[in-house]
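Biologist: I'd like to go through this model with you and hear the reasoning behind the labels. Could you pull it up?

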Amino acid sequence: MPNRILKDSINESRDLTSCSFFAQDLFKRLITYADDYGRFNTDPQIMIARLYPRELSIVDISDLMDAIIELVGVGKIAFYTAKPRHEVFGCFPKWDEHQRIRDSKKKAPDPTDTTVNDWYYRRFIPIDMKAAIIERDGFKCQICGKHIAEAIDAKKLVKMCTGSFHFDHIVPCDQGGRVTYENIRLTCPKCNQSRKKSFDFDEILQFSIEGFNPQEIAASCGELPPNPIRNPIQSESNTNTNSADKPRRFVKPTVEEVTEYCTERGNKVNAQNFVDFYESKGWKVGGSPMKDWKAAIRTWEQRDKAKAPEEPKRRKIKRDDFGNIIETWE
Ligand SMILES: [Zn+2]
């Protein structure tokens, strides 16, 4: 296994630092777990054994999956399937920007389909939304009433105490349930686990085999994840999360405003397509009037990002006698 590069800019990454500390730690561990092309095996048993060899009694698959969903949600990792067996693999979409690509043999095949990524992406709950839900639910499991924690700030709890609470989709994702303030509630791990099926990669795989189709989901439940990527609640008010319940008058944006916002965010969302799309839908998201067009743009942005695990470029490398890279060319 070659050494990996960890840049100091990792501590300033907005995407990564919006994740829990556990997910941030997982991201760093995954860098050493991936092959030279930034791809990795996603068998949860193997992942746990290799990523947490001395912490097997502490970290379970549910913790791992929650952290993976966080990392997929912010676009730091992505998933894909590969022919012929439709196996699921993970990858770092920006691997070649940060790591040296060695001329070694790939351990994971090239992607043939990336729709499996939607399985993870649809389950992503932004951190500020989690904190707001904890506060709304009074730090109590909404099934058994047990206190999760009392003497800690909700956001700090979300960041630091991963695993001590869960977020339950009242209508499960598989049945079209979405990540909305109304559809998520706080539970203790015990209640949530007894309610849902355990995470199962075979189940995820079914989506790709059966052709998990974003358009079908869109038809059955409105939109493919119209979920807020950042924080719909706090963005409406910096001081009081209760004001999230107050409806805010929506003003539809012009193409120019959308262009300006996309330029500001440096994404590749086509402003005209965006406006045309929602114009044709009467500015509705999942049957309800749109509340925040910027959140919708961020959803489009994340979707584009999640769907493009780029093929890392193969570089030729010249090394000195100590194995240090002295020259690379494509
Ligand atoms: Zn409970």
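Modeller: Here it is, and we'll take the overall make-up, then a sheet, then two helix pairs.

Modeller: One thing up front: this is a predicted model. The protein has 14 helices and nine strands, and buried residues make up 31% of its 330 residues.

Biologist: What share of the contacts with a separation of 6 or more comes from residues 24 or more positions apart?

Modeller: Those residues account for 71% of such contacts.

Biologist: On to the sheet. Which strands are in it, and in what order?

Modeller: The order is β1-β3-β2, an open sheet of three strands with antiparallel pairing. On average, neighbouring strands in this sheet are turned by 40 degrees against each other, ignoring direction.

Biologist: What makes β1 and β2 edge strands?

Modeller: Each of them has a single partner strand, so one side of each is left without a neighbour in the sheet.

Biologist: How do you know that β2 and β3 are paired?

Modeller: Pairing takes at least two bridges. Between β2 (residues 78–82) and β3 (residues 87–91) there are five bridges, in the antiparallel sense, so the pair passes that cut-off. Within the pair, Y80 stands opposite F89, and T81 has V88 as its bridge partner.

Biologist: And what about β1 with β3, how many bridges are there?

Modeller: Three bridges join β1 (residues 39–41) to β3, and these two strands run antiparallel. That also meets the minimum of at least two bridges. Here F40 stands opposite G90, while N41 has F89 as its bridge partner.

Biologist: Why is β2 called largely enclosed by the rest of the structure?

Modeller: A residue is buried if 20 or more other C-beta atoms lie within 10 Å of its own. Four of the five residues of β2 are buried, so the strand is largely enclosed. For β3, four of the five residues are buried, so that strand is also largely enclosed by the rest of the structure.

Biologist: What sits between β2 and β3 in the hairpin?

Modeller: Four residues lie between the strands, and H86 takes a positive phi near 55 degrees.

Biologist: Now the helices. Why are α2 and α4 called roughly perpendicular?

Modeller: Helix α2 (residues 21–33) and helix α4 (residues 61–73) pack at an angle of about 85 degrees. Angles of 65 to 115 degrees count as roughly perpendicular, so that is the label for α2 and α4. Their axes are 9 Å apart. On the α2 side the contact is made by F22, A23, L26 and F27, and on the α4 side by D63, A67, E70 and L71.

Biologist: How do the residues of that contact divide by class?

Modeller: Six are nonpolar, none polar and two charged.

Biologist: Then why are α12 and α13 called oblique?

Modeller: Helix α12 (residues 255–265) packs on helix α13 (residues 271–280) at about 130 degrees, with the axes 8 Å apart. Roughly perpendicular covers 65 to 115 degrees, and roughly antiparallel is for angles over 145. An angle of about 130 degrees falls in neither range, so α12 and α13 are oblique to each other. The crossing of α12 past α13 is right-handed.

Biologist: Which residues meet there?

Modeller: V255, V258, T259 and C262 of α12 meet A271, Q272, F274 and V275 of α13. By class, that contact has six nonpolar, two polar and no charged residues.

How values were computed:
Residues are numbered from 1 along each chain as its sequence is written. This is a predicted model: local features need pLDDT of at least 70, side-chain atom pairs count only at pLDDT 80 or more; totals for chains, interfaces and linings use all residues. A residue is buried if 20 or more other C-beta atoms lie within 10 Å of its own, exposed if 12 or fewer, and partly exposed in between; C-beta atoms are placed from the backbone. Two residues are in contact if their C-beta atoms, placed from the backbone, lie within 7 Å. Axes are lines fitted to C-alpha atoms, for helices over the stretch in contact, and angles run from 0 to 180 degrees between N-to-C directions. Angles under 35 degrees count as roughly parallel, over 145 as roughly antiparallel, 65 to 115 as roughly perpendicular and the rest as oblique. A crossing is left-handed if the near helix is turned anticlockwise from the far one by less than a right angle, and right-handed if clockwise. Ala, Val, Leu, Ile, Met, Phe, Trp, Tyr, Cys and Pro count as nonpolar, Asp, Glu, Lys and Arg as charged, and the others, Gly among them, as polar.
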